[in-house]
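Please open the model in your viewer and keep the sequence panel visible, since each stop on this tour asks you to select something and then look around it.

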Amino acid sequence: MAILSFILFLFVAAACAYLAERLVPGAIPGGFLTSAIVGIVGAWIGGSMIGAMGPSLAGVSLIPCILGSALLVFLLSLFSHRYSHRGV
């Protein structure tokens, strides 16, 4: 994978994670890099659950990526909310 295609892959994965963050209640703790990581992992989760369906951009199937990222954003916000409100 060339560096330019990898950067494009990161941007598409981060955009999918951004859309997923807007769809589900919760937020991704972190900035662009965290969003890109959530998008990549979400693409892997969505691809494993659904397969490669729908349109594809830069090697990322958009529908499974958004759904997998939405699931991951929901779980991350659930766990980060749980641990940030612990009484110490």
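Which pattern does the protein chain follow when it is read along the sequence? Colour the chain by secondary structure and read from the N terminus: the pattern is α-α-β-β-α, made up of three helices and two strands. Keep in mind throughout that this is a predicted model.

**The whole chain**

With everything selected, show the surface, whose accessible area comes to about 5500 Å², with 74% of it belonging to carbon and sulfur atoms. Of the 88 residues, 33% count as buried. If you draw the contacts between residues at least 6 apart in sequence, 57% of them join residues at least 24 apart.

**Helix H1**

Select residues 3-23, which form helix H1, and place a distance label between its end C-alpha atoms. Because 21 residues at 1.5 Å a residue should span 30 Å, the 30 Å between those end atoms agrees with the expectation. Now pick out the buried residues of H1, which are Phe9, Val12, Ala13, Ala14, Cys16, Ala17, Ala20 and Glu21.

**The nonpolar cores**

Next select Ala17, Ala20, Val24, Val38, Ile45, Ala70, Leu72 and Val73, the eight residues of the largest nonpolar core. Helices H1, H2 and H3 are the elements that each give two or more residues to this core, and H3 has the largest share, with three. Apart from this core lies another, of seven residues, among them Phe9, Val12, Cys16 and Ala43. Return then to Leu72 and show its surroundings: leaving aside neighbours within four places in sequence, Leu72 is in contact with Val38, Val41, Gly42 and Ile45.

**Ser69, Gly42 and Gly68**

Move to Ser69, which sits in helix H3, residues 62-84. Is Ser69 buried or exposed? Its relative accessible area is 0%, so Ser69 is buried. Beyond the neighbours within four places in sequence, the contacts of Ser69 are with Cys16, Ala17, Ala20, Val38, Gly39, Gly42 and Ala43.

From that list, select Gly42, which belongs to helix H2, residues 32-49. Gly42 has 0% relative accessibility and therefore counts as buried. Setting aside neighbours within four places in sequence, Gly42 is in contact with Pro64, Cys65, Gly68, Ser69 and Leu72.

One of these partners, Gly68, is the next selection, and it lies in helix H3. Gly68 also counts as buried, because its relative accessibility is 0%. Not counting residues up to four places away in sequence, Gly68 touches Gly42, Ile45 and Gly46. A C-alpha distance label from Gly68 to Val41 should read 7.8 Å, although the two are 27 residues apart along the chain.

**Leu71 and the surface patch**

Put a second label between the C-alpha atoms of Gly42 and Leu71, which are 29 residues apart in sequence and 7.6 Å apart in space. Leu71 is also in helix H3, but at 37% relative accessibility this residue counts as partly exposed, because that value falls between the cut-offs of 20% for buried and 50% for exposed.

Finally, extend the selection to Met49, Ile50, Met53, Ile63, Leu67, Leu71, Phe74, Leu75, Leu78 and Phe79, which form a nonpolar patch on the surface with about 840 Å² of accessible area together. Which element gives the most to the nonpolar patch? Colour the patch by helix, and H3 proves to be the main contributor, with seven residues.

Key. Residues are numbered from 1 along each chain as its sequence is written. This is a predicted model: local features need pLDDT of at least 70, side-chain atom pairs count only at pLDDT 80 or more; totals for chains, interfaces and linings use all residues. Side-chain values use heavy atoms; hydrogens and water are left out. Helices (H or I, at least four residues) and strands (E, at least two) are DSSP runs, numbered from the N terminus. Buried means under 20% relative accessible area, exposed over 50%, partly exposed in between (1.4 Å probe, protein chains only). Contact means heavy atoms within 4.5 Å. Accessible areas come from the Shrake-Rupley method with a 1.4 Å probe; for residues, only the protein chains shown count as cover. A nonpolar core is a set of buried Ala, Val, Leu, Ile, Met, Phe, Trp, Tyr and Cys residues joined through side-chain atoms within 4.5 Å. Patches are made of residues with over 30% relative accessible area and no salt bridge: like charges are joined within 9 Å, nonpolar side chains (Val, Leu, Ile, Met, Phe, Trp, Tyr) within 5 Å. A salt bridge is a side-chain nitrogen of Lys or Arg within 4 Å of a carboxyl oxygen of Asp or Glu. The expected span of a helix is 1.5 Å times one less than its number of residues.
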